[in-house]
Amino acid sequence: MNILFVCLGNICRSPLAEVVFADLVEREGLSDVITADSAGTGGYHAGEPADPRSRACARRHGLEITHRARAFVPEDFVKFDLLVVMDEANASELRRRAPNASARRKIHLLREWDPAGPGEIPDPYYGGESDFESVWHLCERSVPGLLRERKVLR
Ligand code: 4NP
């Protein structure tokens with residue numbers, strides 16, 4: 001099972017979601033059967049490390065982001081079993097790019113698995129530390145449901 005987290009720039013939200021999920025996967029002993037990666041629908045920040053505010057947020061919660069930003073590519077529709085997107089704008093963009101129905105079915109919003117959801121993970125780029133913390137908490141609340149469902153369906 002390969003899971004790709006997707007946002008716009010791949011420097012703020014999706015790298016955080018990726019480490020929150022990967023940490024849970026590791027704690028559940030599933031690292032050998034579930035992989036996680038992240039990408040952005042926009043490539044403006046490709047090659048860059050995650051936003052310093054996302055890295056600081058992860059560090060406050062005991063995790064490290066080493067990911068370098070990359071743009072979503074068409075092969076991702078094949079390589080990944082599930083495309084977990086932060087907001088509706090980026091989900092729409094992926095739906096627009098999806099080559100077929102099978103690819104389109106892989107597109108989901110992360111907060112479909114939030115017990116308090118559904119909803120979006122708001123873009124914190126023009127915000128401050130509390131907005132990044134909010135991203136963290138929404139991710140933390142959503143990934144257990146995602147992992148639980150995917151384990152069953154594996
Ligand atoms: P992300 O946040 O999609 O969560 O990585 C953003 C990063 C960069 C920009 C917008 C959102 N930007 O406009 O450069």
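**Close-up 1. Strands E1 and E2 pair in the parallel sense.** This is a predicted model. Strand E1 covers residues 2–7. Six bridges join E1 to E2. One position to look for is Ile-3, which stands opposite Ala-36 in E2.

**Close-up 2. Four strands make an open sheet.** The strand order is E2-E1-E3-E4, and the pairing is parallel. Which strands lie at the edges? They are strand E2, residues 35–40, and strand E4, residues 107–109. Each of these edge strands pairs on one side only. On average, neighbouring strands of the sheet are turned by 30° against each other, with direction ignored.

**Close-up 3. Helix H1 lies across E1 and E2.** Helix H1 is formed by residues 13–27. Helix H1 runs at about 150° to E1. Two side chains of this helix, those of Asp-23 and Arg-27, meet in a salt bridge. The N to O distance is 3.0 Å. Asp-23 and Arg-27 are four residues apart in helix H1, so about one helical turn separates them. Is each partner buried, partly exposed or exposed? Asp-23 is partly exposed, with a relative accessible area of 22%. Arg-27 is exposed, at 60%.

**Close-up 4. Helix H4 lies across E1, E3 and E4.** Residues 88–97 form helix H4, and strand E3 spans 82–85. The helix runs at about 175° to E4. Within helix H4, Arg-97 forms a salt bridge with Glu-93. Their closest N and O atoms are 2.7 Å apart. Again the partners are four residues apart, which means a separation of about one helical turn. Arg-97 is partly exposed, with a relative accessible area of 29%.

**Close-up 5. A salt bridge joins Arg-60 and Glu-129.** The side chains meet at 3.8 Å, N to O. What does this pair tie together? Arg-60 lies in helix H2, residues 52–60, and Glu-129 lies in helix H6, residues 129–153, so the contact ties together parts that are 69 residues apart in sequence. Arg-60 is partly exposed, with a relative accessible area of 39%. Glu-129 is exposed, at 54%.

**Close-up 6. Salt bridges link Asp-37, Arg-70 and Asp-76 in a network.** Three residues take part here: Asp-37, Arg-70 and Asp-76. How many salt bridges does the whole structure hold? A search finds twelve. Among them are the pair Asp-23 and Arg-27, the pair Arg-97 and Glu-93, and the pair Arg-60 and Glu-129.

**Close-up 7. Cysteines appear here without disulfides.** A search of the whole structure finds zero disulfides. Cys-12 is in none, and the nearest cysteine sulfur, that of Cys-7, is 7.0 Å away. A disulfide needs two cysteine sulfur atoms within 2.5 Å. Is Cys-12 buried or exposed? Cys-12 is buried, with a relative accessible area of 5%. Now turn to Cys-139. Why does its sulfur form no bond with the sulfur of Cys-57? The closest cysteine sulfur to that of Cys-139 is the one in Cys-57, and at 8.8 Å it is too far for a bond. Cys-139 is also buried, with a relative accessible area of 0%.

Key. Residues are numbered from 1 along each chain as its sequence is written. This is a predicted model: local features need pLDDT of at least 70, side-chain atom pairs count only at pLDDT 80 or more; totals for chains, interfaces and linings use all residues. Side-chain values use heavy atoms; hydrogens and water are left out. Two strands pair if DSSP finds at least two bridges between them. Helices (H or I, at least four residues) and strands (E, at least two) are DSSP runs, numbered from the N terminus. Axes are lines fitted to C-alpha atoms, for helices over the stretch in contact, and angles run from 0 to 180 degrees between N-to-C directions. Contact means heavy atoms within 4.5 Å. Buried means under 20% relative accessible area, exposed over 50%, partly exposed in between (1.4 Å probe, protein chains only). A salt bridge is a side-chain nitrogen of Lys or Arg within 4 Å of a carboxyl oxygen of Asp or Glu.
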